[in-house]
Amino acid sequence: MKKTIVHILKDEPKEQELTVKGWVKSFRANRFIALNDGSTINNLQCVVDFENTDPSLLKRITVGAAIAVTGNLVASQGGGQAVEVDVKEVKILGDADPEEVKRTILQPKRHTLEKLREQAHLRVRTNTFGAVMRLRSQLSFAVHQYFQREGFYYVNTPIITGSDAEGAGEMFKVTALDIKNPPKDKDGNIDYKKDFFGKETNLTVSGQLEGETYALGLGQIYTFGPTFRAENSNTSRHLAEFWMIEPEVAFNDLDANMDLAEDFIKYVIQYVMDNGQDDLEFLENRLIQEDKAKPEAERAPMPLREKLKFVLENNFKRVSYTEAIDILKDSKPNKKKKFNYIIEEWGADLQSEHERFLVEKHFKCPVILFDYPANIKAFYMRLNEDGKTVRAMDILFPGIGEIVGGSQREERLEVLQEKMAALDIPEEELWWYLDTRRFGTCVHSGFGLGFERLVLFATGMTNIRDVIPYPRFPQNAEF
């Protein structure tokens with residue numbers, strides 16, 4: 001098998017001949033090619049004997065060109081790298097016209113993230129996005145490795161669904177009807193019985209409900225797939241298409257659910273710390289340089305790798321919603337009205353500014369909030385004995401706020417039916433979900449982790465649109 005640059009850079013310089021293929025990052029003095037094949041943030045230096053090389057060939061070794069280099073791997077004569085290639089032959093595999101390159105982000109200069117998004121088809125060839133996407137790949141692998149190691153079964157839940165798991169109603173409709181002239185029923189409404197699936201269907205916002213049914217047969221399962229939300233939001237933390245990790249475990253209560261979530265998060269972060277140091281170092285240095293141009297108050301509270309160690313080395317503090325509200329009500333930002341959303345009474349829905357205050361200022365460690373008011377949480381969460389709170393949990397991280405949301409699920413049929421009735425959720429739509437409470441119901445729990453938020457945290461990027469290959473958001477479905 002061919003060796004990639006990440007492996008070649010670790011080789012001993014034994015004068016062995018090799019051929020390596022990649023894209024030209026730079027070409028200095030008609031002699032030094034910086035070659036990169038995407039396998040690492042680091043370039044391989046290839047030294048050309050320009051005096052004995054066809055000038056017409058040298059002119060084609062331009063930034064962005066794809067080339068194949070054959071030569072001997074030798075100890076580097078210069079600083080910055082241990083080995084380099086003493087070039088015997090260069091083949092041009094794909095030209096890149098320098099004048100054309102000038103209009104793209106491939107030109108070797110610093111570009112804004114907004115500019116890079118406009119050329120998302122090319123941005124992975126920049127150092128920043130190469131690093132982000134390699135780390136994304138490592139995190140994805142670590143997710144599967146963790147759950148497989150722990151005996152979970154991977155389940156693919158439907159992307160097209162007839163249910164709204166979150167009850168938010170912000171879903172993308174799926175239809176094969178003629179939208180210019182849809183069939184109508186006798187009341188003048190669109191007749192979805194004549195649609196492809198015979199009913200109204202949408203793109204899923206969560207695989208949780210279907211995941212629960214499989215956990216109650218396989219014991220412990222996880223989903224990891226695309227989800228969709230038609231929320232008209234243009235914030236740096238929201239996407240219309242994103243990936244969700246959702247484990248569900250039979251016989252787990254909320255305490256076991258919190259244990260699982262903390263262990264899982266620490267595992268995947270440790271994995272990138274062990275396997276992605278070069279990319280983490282590059283992104284950390286990039287952030288340090290960016291912060292120099294910002295006011296003190298807007299700078300990152302700690303360097304990227306220190307922030308990741310902060311999560312690994314601290315136990316997550318477990319705090320009830322009620323205790324958190326008391327802390328926030330008595331906090332200086334609240335009393336001095338520095339919060340955008342002032343906390344006045346129990347029952348308030350916490351915002352990112354409140355979550356970050358608890359993590360970054362008050363407890364100074366990751367926080368798990370639990371036992372939220374029932375009226376601000378989903379119908380499927382288990383009602384506590386007080387009748388006003390549910391066995392919900394959210395995990396809060398520095399710099400990002402909520403990263404995980406989960407709960408102990410309501411396993412009691414009668415209570416679940418009462419909650420659905422109170423929220424006008426028709427039983428006939430979720431008859432199959434209710435059936436799981438009729439045949440061997442048991443305590444069970446699960447959580448959802450938005451994968452892009454995890455990648456955002458692990459890479460230190462500040463906009464969620466920059467941690468997915470092709471972001472989907474309001475008014476944008478380019479590429």
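Buried here means under 20% relative accessible area. By that cut-off, 49% of the 479 residues in the chain are buried. The model is predicted, which applies to every stop below.

**Whole chain**

Start with the full chain in cartoon. It holds 15 helices and 16 strands. Taken along the principal axes, the C-alpha atoms fill a box of roughly 85 × 60 × 45 Å. If you draw a contact map, count the contacts between residues at least 6 apart in sequence: 68% of them join residues at least 24 apart.

**Helix α15**

Select residues 451-459, which are helix α15. How many of the nine residues of α15 are buried? The helix is mostly covered, and the count is nine of nine. The buried set includes charged side chains as well as nonpolar ones: Glu452 and Arg453 are in it, and so are Phe451, Leu454, Val455, Leu456, Phe457, Ala458 and Thr459.

Step past the end of the helix to Gly460, which follows α15 and has a positive phi, near 80°. Keep α15 displayed for the next two stops.

**α5 against α15**

Add residues 127-149, helix α5. The axes of α5 and α15 are 10 Å apart, and the two helices pack at an angle of about 125°. That angle makes α5 oblique to α15. The crossing of the pair is right-handed.

Show side chains for the contact. On the α5 side, select Val132, Leu135, Arg136, Leu139, Ser140 and Val143. They meet Phe451, Glu452, Leu454, Val455, Ala458 and Thr459 of α15. Sorted by class, this contact has eight nonpolar, two polar and two charged residues.

The spacing of the selected positions can be read against helix geometry. An α-helix has 3.6 residues a turn, so residues three or four places apart point the same way.

**α9 against α15**

Hide α5 and select residues 304-313, helix α9. Helix α9 is mostly covered, with seven of its ten residues buried. Those buried residues are Leu304, Arg305, Lys307, Leu308, Phe310, Val311 and Leu312. To see what they pack against, display α7 (254-275), α8 (277-291) and β14 (389-397) along with α15.

At what angle do the axes of α9 and α15 cross? The value is roughly 120°, and the axes come within 8 Å. This makes α9 oblique to α15. In the contact, Leu304, Lys307, Leu308 and Val311 of α9 meet Phe457, Ala458 and Thr459 of α15. The class count is five nonpolar, one polar and one charged.

Ala458 and Thr459 are worth labelling: both take part in the contact with α9, and both also take part in the contact with α5.

Now pick Glu306, which is also in α9. Is Glu306 buried or partly exposed? Its relative accessible area is 45%, so Glu306 is partly exposed. Measure from its C-alpha atom to that of Glu284: the separation is 9.5 Å, for two residues 22 apart along the chain.

**An annotated stretch**

Colour residues 273-300. UniProt lists this range as "coiled-coil region", in an unreviewed entry. In the model, the chain over residues 273-300 is 64% helix and 0% strand. The C-alpha atoms at the two ends of the range are 19 Å apart.

**α10 against α12**

Move to helix α10, residues 321-329, and add α12, residues 352-363. Their axes are 11 Å apart and the packing angle is about 80°. This makes α10 roughly perpendicular to α12. From α10, select Ala324, Ile327 and Leu328; from α12, select His354, Phe357, Leu358, His362 and Phe363. The residues of this contact comprise six nonpolar, two polar and no charged.

**Two backbone outliers to finish**

Continue to Lys364, in the loop between α12 and β13 (367-373). Lys364 is not a glycine, but its phi is positive, about 55°. With a relative accessible area of 54%, the residue is exposed.

Last, select Phe479, in the segment after α15. Phe479 also has a positive phi without being a glycine, in this case about 75°. Its relative accessibility is 40%, so Phe479 counts as partly exposed.

Methods
Residues are numbered from 1 along each chain as its sequence is written. This is a predicted model: local features need pLDDT of at least 70, side-chain atom pairs count only at pLDDT 80 or more; totals for chains, interfaces and linings use all residues. Side-chain values use heavy atoms; hydrogens and water are left out. UniProt positions are given in the numbering used here, feature names are shortened, and annotations may be inferred rather than shown by experiment. Helices (H or I, at least four residues) and strands (E, at least two) are DSSP runs, numbered from the N terminus. Axes are lines fitted to C-alpha atoms, for helices over the stretch in contact, and angles run from 0 to 180 degrees between N-to-C directions. Angles under 35 degrees count as roughly parallel, over 145 as roughly antiparallel, 65 to 115 as roughly perpendicular and the rest as oblique. A crossing is left-handed if the near helix is turned anticlockwise from the far one by less than a right angle, and right-handed if clockwise. Contact means heavy atoms within 4.5 Å. Buried means under 20% relative accessible area, exposed over 50%, partly exposed in between (1.4 Å probe, protein chains only).
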